[in-house]
Amino acid sequence: MTGVLCRVAEKKSSSWMPLLLCICVANMALGQVRYSIPEEMSTGSVVGNIIQDLGLDVKRLKSGRARIFTEDGSEYIGLNAEKGTLVVAKRIDREELCKQISPCSLHFQIILENPMELHRIDVEITDINDNAPYFSKKEYSFQVSESASPGARYSLESARDPDVAQNTIQTYKLNPTDNFKLNVVSRPDGTKYIEMVLHTSLDREKQEEHKLTLTAFDGGNPQKSGSVKINVVVLDANDNAPVFSQSAYRVTVPENASRGTVILTVSATDNDKGANEEVVYSFSQHTDASSLFNMDPHTGEMTVIGVLDFEKAKHYEIDIEATDKGGLGDTSKVLIEVTDLNDNAPVISIISLSNPIPEDAAPDTIIAMLNIKDLDSGKNGQVKCFISPDLPFTIKSSSTNFYSLMSDDVLDRETVPEYNITITAMDEGSPPFSINKTIHLRISDVNDHAPVFPQPFLTAFITENNSPGMSLLSVKATDQDSGNNARISYFLEDSQLNGMSASAHFSVNAESGEILAVRSFDYEQTKEFHIRVKAQDGGSPPLSSNVTVIIKIQDQNDNPPQVLYPVQTGGSVVAEMVPRSADVGYLVTKVVAVDVDSGQNAWLSYKLQKATDRALFEVGSQNGEIRTIRQVTDKDAVKQRLSVIVEDNGQPSRSATVIVNVAVADSFPEVLSEFTDFPHDKEYNDNLTFYLVLALAVVSFLFITCLVVIISVKIYRWRRERLLYKSSGNLPVIPYYPPLYADVGGTGTLKQAFSYEVYGTTDSRKSDMKCSRPFSQSTLSVDHSATRTVPRHKTESENMLTEVRSASSLLL
């Protein structure tokens with residue numbers, strides 16, 4: 001073969017540059033050899049002799065620098081160039097190398113140089129039986145009902161063996177096979193499916209659990225195997241009926257046995273298990289003693305539920321049954337003999353009962369009327385009746401066999417809401433016979449307790465600038481009463497807070513007591529509120545109590561610092577003078593600022609933001625003092641412009657900036673000549689002109705509108721006055737002048753006191769005039785029941801002049 005082979009070889013050391021090696025040959029020889037070796041050969045074992053198989057000699061291997069090349073870089077096979085043999089370089093595990101692929105081969109090339117030769121070598125790795133079959137689990141459990149029919153199938157997990165061909169799994173064996181046998185099914189892909197088949201019926205009563213062993217065998221030599229334990233738990237089927245411990249039970253019962261007395265406990269056993277061994281006891285359907293006796297279906301306890309009377313019946317014969325849940329059962333008999341005693345117990349009958357009774361019931365209030373009798377005669381029929389002396393009640397005899405249960409003390413429902421009054425009646429027989437009857441008496445509530453708050457004062461905190469409707473806290477009162485008497489409603493007591501009703505600031509949920517903020521609060525205006533919340537119950541009449549809630553407003557950093565000095569003007573230039581002889585630390589001026597917030601939100605710090613000469617001035621971070629930090633020289637500019645920023649300590653912080661003009665000069669004319677060149681702020685002038693024009697337009701519009709309205713009103717009034725004058729021409733004219741008003745030139749009334757404040761500055765654009773409110777106001781009232789007062793008739797020109805003057809005053 002003729003061609004060119006080029007390869008890139010890179011040295012292992014990082015300091016060497018990649019070496020490009022190109023080998024060009026005219027002829028390339030190719031050869032191929034195939035070997036077969038078993039897996040797990042020891043390292044150094046000879047695979048084959050390539051000198052003989054490829055027709056080479058040792059010298060050629062050395063001169064050609066023979067080496068092995070694998071595409072995947074594996075090094076399972078090595079080359080012994082001294083002997084010309086291939087040897088095992090490291091342990092070869094066929095299962096790890098090829099899994100279940102067969103055949104399993106290693107492919108590599110032997111490369112020779114000068115001239116170039118390439119020989120392909122294939123080494124087949126054959127399998128040895130080095131792996132035993134295994135199961136994924138050590139033990140499996142199955143639950144099989146004893147009623148399962150023969151032929152029932154139960155799938156089992158197949159074993160695994162990483163070997164191939166004859167060395168993999170070949171057969172399975174199940175032991176013992178008394179009840180189950182193994183069925184192995186081969187699939188089309190060669191795998192085996194195994195299942196366990198029931199061939200003999202199971203009996204749980206004989207054997208509850210079967211332990212089997214499943215073993216898998218491979219076909220290797222020597223043969224290997226793996227096993228797994230199989231536990232088969234037999235589930236019970238209802239194939240056994242209950243059996244009573246006795247065919248007949250005998251018991252003796254005194255005729256005065258009280259209701260609920262246990263006279264006998266029967267039992268039956270069932271050889272089944274679980275739910276099938278649960279037995280239910282009952283009377284037979286044809287038994288007529290169910291009105292006197294009761295059988296507990298689960299425990300087999302027979303109790304007395306009726307009154308036994310020896311004179312009526314001396315013995316009873318009752319058929320009983322024991323049945324399991326499958327319907328299988330057994331029967332037995334209970335023979336009951338009644339013995340004669342003082343057989344008539346006193347009988348307590350409640351004729352009337354007042355239940356409940358109010359807690360404010362007076363002593364000696366009758367609660368119940370009782371009738372107590374004993375059918376016996378003589379001493380056996382004489383009855384004593386009493387209750388516990390610890391109760392606030394007493395029982396008295398009103399007539400023969402009749403008793404009254406009455407209150408004997410003050411009752412308090414909040415202390416004891418109910419009583420169990422046990423009434424005992426005892427005859428004087430020998431032995432005496434007694435009977436008890438319990439009355440469950442409830443005490444009804446009276447509204448005798450007002451709602452109570454846990455503490456008289458509560459404190460809530462809310463941050464200013466809150467959103468309306470925010471919940472502050474919930475007040476909770478308790479009332480020892482019950483029902484409507486304990487149903488509490490909450491109300492906000494009407495009071496004045498900052499000149500407004502408390503309901504304008506807060507609201508209270510009547511049901512939950514939740515206090516809500518109606519409006520947003522400003523810490524700088526009000527720092528805390530005191531409101532009173534009333535808790536009122538639903539009694540008649542209602543009772544109430546109050547709690548004072550202190551609501552403290554917490555400050556937010558919502559106000560920036562305000563600079564008080566130096567005052568910033570719009571157009572004029574105000575400068576601080578610093579003589580050129582000023583020394584280091586000379587106090588130029590002090591920036592004074594305040595913050596209406598509180599706490600750390602009002603902690604101010606000063607910082608020099610911009611300056612014409614930063615090396616000349618500094619600002620005290622705490623006191624705002626501007627001082628020189630070096631000696632002033634003649635080279636320093638006369639005009640110095642400082643920008644000082646004032647920041648508070650809030651989160652986030654707010655700031656304000658102030659401009660300080662400093663003149664470095666020894667005389668005022670020098671300063672004046674320098675600062676006359678400062679141009680006015682063009683933007684400020686433009687804005688001021690715009691606002692002045694806008695204000696003039698608004699004032700003109702309002703003036704014209706007021707003039708039109710006044711003329712219309714005056715015309716309307718003039719017409720009404722003429723009609724009134726014509727209809728009331730004979731009435732006397734009495735002029736009326738209300739307090740603090742004076743007649744001015746016969747043109748109308750003006751308030752006596754109006755004050756005006758005029759503020760003027762050197763800058764005409766900042767002049768202002770303020771019209772203050774009048775000192776007092778009064779209202780002209782007319783008594784319609786007295787003689788009507790008719791004002792002096794004015795001419796139309798006078799009325800118009802008066803209205804024009806009033807409108808001018810309002811505009812000013």
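This report walks through a predicted model of one protein chain, from overall numbers down to a few strands, a pocket and a single residue.

## The chain overall

Let's start with the big picture. The protein chain has 812 residues, and 35% of them count as buried. Its secondary structure comes to 55 strands and 6 helices.

Take the contacts in the protein chain with a separation of 6 or more: 65% of them are between residues 24 or more positions apart. As for the outside, the accessible surface is about 47,900 Å², and carbon and sulfur atoms account for 53% of that.

## A four-stranded open sheet

One sheet to pull up in your viewer is an open one made of 4 strands, ordered β10-β16-β15-β12, with mixed pairing. Each edge strand, β10 (139–145) at one end and β12 (169–175) at the other, has a single partner, so one side of each is left without a neighbour in the sheet. Going from one strand to the next, the twist averages 25°.

Now for the pairings, following the sheet order. β10 runs parallel to β16 (residues 225–235), with 7 bridges between the two; on that seam, Gln143 has Val233 of β16 as its bridge partner. β16 then pairs with β15 in the antiparallel sense over 9 bridges, and here Lys211 is matched with Asn231 in β16. A hairpin of 6 residues links β15 to β16. Finally, β15 (residues 209–218) and β12 are antiparallel, sharing 6 bridges, with Thr213 in β15 as the bridge partner of Asn175.

## Strand β50 and its partners

Further along the chain sits β50 (residues 639–648). Of its 10 residues, 7 are buried, so the strand is largely enclosed by the rest of the structure.

What does β50 pair with? One partner is β47 (residues 604–611), which is antiparallel to β50 over 7 bridges; among the matched residues, Tyr606 has Val646 in β50 as its bridge partner. Another is β51 (residues 655–664), also running antiparallel to β50, and 9 bridges join the two. Across that pairing, Val644 stands opposite Val658 in β51. β50 and β51 also form a hairpin, with 6 residues between them.

## The second largest pocket

If you're hunting for open space, the second largest pocket has a volume of about 640 Å³. It is lined by 23 residues, and the closest to its centre are Val307, Ala345, Pro346, Val347 and Ile435.

Which strand gives the largest share of that lining? That would be β33, with 4 residues. Both β33 (434–444) and β26 (347–353) supply at least two lining residues each.

## A closer look at Thr85

Zooming in on one residue: Thr85 is found in β7, a strand covering residues 85–88. Is Thr85 buried or exposed? With a relative accessible area of 10%, Thr85 falls under the 20% cut-off, so it counts as buried.

Which residues does Thr85 touch, leaving aside its neighbours within four places in sequence? Its contacts are Val46, Gly48 and Asn49, along with Gly78, Leu79 and Asn80.

Key: Residues are numbered from 1 along each chain as its sequence is written. This is a predicted model: local features need pLDDT of at least 70, side-chain atom pairs count only at pLDDT 80 or more; totals for chains, interfaces and linings use all residues. Side-chain values use heavy atoms; hydrogens and water are left out. Two strands pair if DSSP finds at least two bridges between them. Axes are lines fitted to C-alpha atoms, for helices over the stretch in contact, and angles run from 0 to 180 degrees between N-to-C directions. Buried means under 20% relative accessible area, exposed over 50%, partly exposed in between (1.4 Å probe, protein chains only). Contact means heavy atoms within 4.5 Å. Accessible areas come from the Shrake-Rupley method with a 1.4 Å probe; for residues, only the protein chains shown count as cover. On a 1 Å grid over the protein atoms alone, a cavity is a set of points where a 1.4 Å probe fits but cannot get out, and a pocket is an open set with protein on both sides within 12 Å along at least five of seven lines; lining residues have an atom within 4 Å of a point. Grid points are joined across faces, edges and corners, and a volume is the space filled by probe spheres set on the points.
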